[in-house]
Amino acid sequence: MLFRSGCEHNDVLVLPAYRRAVYESLAQYVKSGLEGDELALAGTRSPLTDQLRKAFGPPTWEGFQSESPYVDLEAIRQSAKPYLDWLSSNTRSQIRRSIRLYAETFGDRFVRSPSSKEEALVIYDRMLELHDARWSSDGRRSGFSPEARSFHRELIRDHWEESESRTDLEVDLLSVGFGDEVIGVIYSLVCRGHVQFYQSGLSYHENRRLKPGLVCPSLAIEHHLLQGSRQYDFLGGEAQPVQYKRSLSTNVHYLTWGQISLGTARVKALWTARSVKRRIAGLLK
């Protein structure tokens, strides 16, 4: 049996002054009060994971740490320095050159939000078309599952009108383009000024100097900067750093993904088998 935490940035909801005590209590509860084999941690903040790993000991943990790069919009706003100036000279150069080429080819830039729930659903479907076209061109199958697609379509139906009133949960769809050409759609979830980039669909051009993977997020970030958002989070989940996220971000969170053994006889046998398998694989190299 696995006990799973949710999606990303999982943590305990507690005032900072009590965080350490709550972490220790939670670790003891998991250690002595749960019936199960493993505790699965998906996208958990590192301090909580570190406390749980400390309670159970190093041999009981398997997993990895992922980066969750983000843009500190509040810091940029207070500095009065343009967003692009926070990035490396190479990234700035690629974005500015690409924006100039897009404008020369198609016309003036735009970043647009849907004006109705119906339009939001149309734009969402357009994002899926662009997303699938890119993945199929590389011979890959998208990790954005049919179940996830249906869930987010329902989320848009249920929350679009609420998002217009700036409630705690907002769905955000941005069409980014030049002239009459849409070069990408960015889909995010927003909570209290925290923009969480979830998915995108990008239109690629035969001219390799046109870089929608840099231009679309950078224009979306500038849009949210003007809207007063506090943070633009690229989220994580990858075992290895993702270059475009690193290039476009100003800071980074760290999240952990894996499982902790709860010490049952069954799972101890499993972990022993895993250890033997790794040793054999090492000998065969």
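## The largest pocket

In this predicted model, strand S7 (194-202) is the top contributor to the lining of the largest pocket, giving six residues. Helix H5 (117-137), helix H7 (212-227) and helix H8 (243-248) each add at least two residues as well. If you want to find the spot on your screen, look for His131, Trp135, Gln199, Ser200 and Tyr244, which lie nearest the centre of this pocket.

In total, 36 residues line the largest pocket, and its volume is about 1,000 Å³. Sorted by class, that lining has 18 nonpolar, 10 polar and eight charged residues.

## The second largest pocket

Next comes the second largest pocket, with about 620 Å³ of space. Its lining is made of 18 residues, and His9, Arg45, Cys191, His194 and Gln196 are the closest to its centre. Strand S6 (181-191) and S7 are the elements that give two or more residues here, and S7 is also the element you met in the lining of the largest pocket.

The lining of the second largest pocket breaks down into eight nonpolar, six polar and four charged residues.

## The chain as a whole

Stepping back, the chain contains nine helices and nine strands. Of its 285 residues, 44% are buried. Among contacts with a separation of 6 or more, 74% join residues 24 or more positions apart.

What share of the accessible surface belongs to carbon and sulfur atoms? The figure is 51%, out of a surface of about 15,800 Å² for the chain.

Note on methods: Residues are numbered from 1 along each chain as its sequence is written. This is a predicted model: local features need pLDDT of at least 70, side-chain atom pairs count only at pLDDT 80 or more; totals for chains, interfaces and linings use all residues. Side-chain values use heavy atoms; hydrogens and water are left out. On a 1 Å grid over the protein atoms alone, a cavity is a set of points where a 1.4 Å probe fits but cannot get out, and a pocket is an open set with protein on both sides within 12 Å along at least five of seven lines; lining residues have an atom within 4 Å of a point. Grid points are joined across faces, edges and corners, and a volume is the space filled by probe spheres set on the points. Helices (H or I, at least four residues) and strands (E, at least two) are DSSP runs, numbered from the N terminus. Ala, Val, Leu, Ile, Met, Phe, Trp, Tyr, Cys and Pro count as nonpolar, Asp, Glu, Lys and Arg as charged, and the others, Gly among them, as polar. Buried means under 20% relative accessible area, exposed over 50%, partly exposed in between (1.4 Å probe, protein chains only). Contact means heavy atoms within 4.5 Å. Accessible areas come from the Shrake-Rupley method with a 1.4 Å probe; for residues, only the protein chains shown count as cover.
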